[in-house]
Amino acid sequence: MFPLLETAVRVEPLEGEGLTNVLHLVTLADGRKAVLRQPKVARDLPKFVVPGAPAVLAHNGRGDVLVEYVEGRTLADALPVSGEVWRSIGWAFRRIHRVGLLHNDVNLYNIIVDERRATLIDWDNPGQGNPLDELAAFEEHLYLHGTELPQAFWAGYGTAPDPTLLRSHRIAGCIAWLASEDWRRWENDRSLPPRMLARVRNWRRLLAKWLADQLRTDLLTAEVAVLEHRERPEDRHEHRRPQHSQQ
C-alpha cells in the first residue's frame, strides 16, 4: 500500500471505537509507531496541514492514511480527568479555533489525553465554520458519556460563550444529527460489533430524550427559529454541515 509499510516490523489491529475506519497499529523499523486508518468508504483527504494535528506519514487517493501515533488514552476511556487535563483540552480547541478551523468530528474517541497534553486526532474533515457549533457538539458528546464541560475547560479555552447561545447551537446540531443518515448506515453496517451497535442505539435514545426535555421548557424566540428551520435566523442562508457525521 505504502512503501513506508514495507519497513514495518509489526502490524496489529488497534483497539478503538471508530465507526467509519479500520485501524491498525504499525511499528516501523526505526522504532516509530504509526496508525494505519482505512476508511470503510473511500473519501478524499484534507488538502491542508492543521496546527497540532498528528503528522501524516503517507496517504493515497482512496483515503487510506498512515499517521503519527499519539501516546495516551482517549478521553472516553480516561474519564474522569483532572482539571489540568480539562484545561489542556480547552487549549487544544482554542489552538485550532483561533486560526479559523474546526475539527468537525469532536467525539471523545478523537481526543487523546495524558497528564500533560491533549491532542485532537482523526482529521478527516476539517473546515471553516462557527466555533459554537463545534463546542455545542462536544458538549453533546460529553452528555452521551454521562458528563459535562467543567469550568476548567473554559479556562483553557480562554473564554466561555453565553450559555443560552450555546444551547441554541446544541439544539440545532441535535436536530440535524437525529435527522441524518448516520443511524441507518450504522444499523446496516454488519462489521460493527454488538457492543458498538448497542452504543449507537443508546446514543440515539439519549439524544431524543435530551431534545424532548428542551421542548418542555420555555423557548426563546431564537430557539423557536432553530427548531423550525434547523438553523439560527442569521445563518439561514449559510450551508453548514452537521458536526456528527464522522463518528
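How does the distance between the end C-alpha atoms of helix H5 (residues 163–178) agree with the span expected at 1.5 Å a residue? The 16 residues of H5 should span 22 Å, and the end C-alpha atoms are 22 Å apart, which agrees; the expected span is defined as 1.5 Å times one less than the number of residues. The structure is a predicted model in which local features need pLDDT of at least 70 and side-chain atom pairs count only at pLDDT 80 or more, while totals for chains, interfaces and linings use all residues. Residues are numbered from 1 along each chain as its sequence is written, and side-chain values use heavy atoms, with hydrogens and water left out.

**View 1. Helix H5 and its N-terminal cap.** Helices (H or I, at least four residues) and strands (E, at least two) are DSSP runs, numbered from the N terminus. Aspartate 162 caps the N-terminal end of H5, with a side-chain oxygen 3.0 Å from the backbone nitrogen of threonine 164. The buried residues of the helix (buried meaning under 20% relative accessible area, exposed over 50%, partly exposed in between, with a 1.4 Å probe and protein chains only) include Leu166, His169, Arg170, Ile175 and Trp177.

**View 2. Aspartate 122 and arginine 37.** Aspartate 122 lies in the loop between strand S8 (118–120) and helix H3 (131–144), whereas arginine 37 belongs to strand S3 (residues 33–39), so that the salt bridge between them links distant parts of the chain, 85 residues apart. A salt bridge is here a side-chain nitrogen of Lys or Arg within 4 Å of a carboxyl oxygen of Asp or Glu, and in this pair the N to O distance is 3.3 Å. Aspartate 122 is buried, with a relative accessible area of 19%, and arginine 37 counts as buried at 5%. Leaving aside residues up to four places away in sequence, aspartate 122 touches Asn21, Arg37, His103 and Asn110, contact meaning heavy atoms within 4.5 Å.

**View 3. Aspartate 30 and arginine 32.** Aspartate 30 forms a salt bridge with arginine 32, and the closest N and O atoms are 2.8 Å apart. Arginine 32 is partly exposed, with a relative accessible area of 40%.

**View 4. Arginine 184 and glutamate 181.** The side chains of arginine 184 and glutamate 181 meet in a salt bridge of 3.4 Å, N to O, and both residues are exposed. Side chains of opposite charge can pair when their charged atoms come close. A search of the whole structure finds 9 salt bridges.

Note on methods: A polar contact is a pair of N or O atoms within 3.5 Å; within protein, one must be able to donate a hydrogen and the other to accept it, and residues adjacent in sequence count only if both atoms are side-chain atoms.
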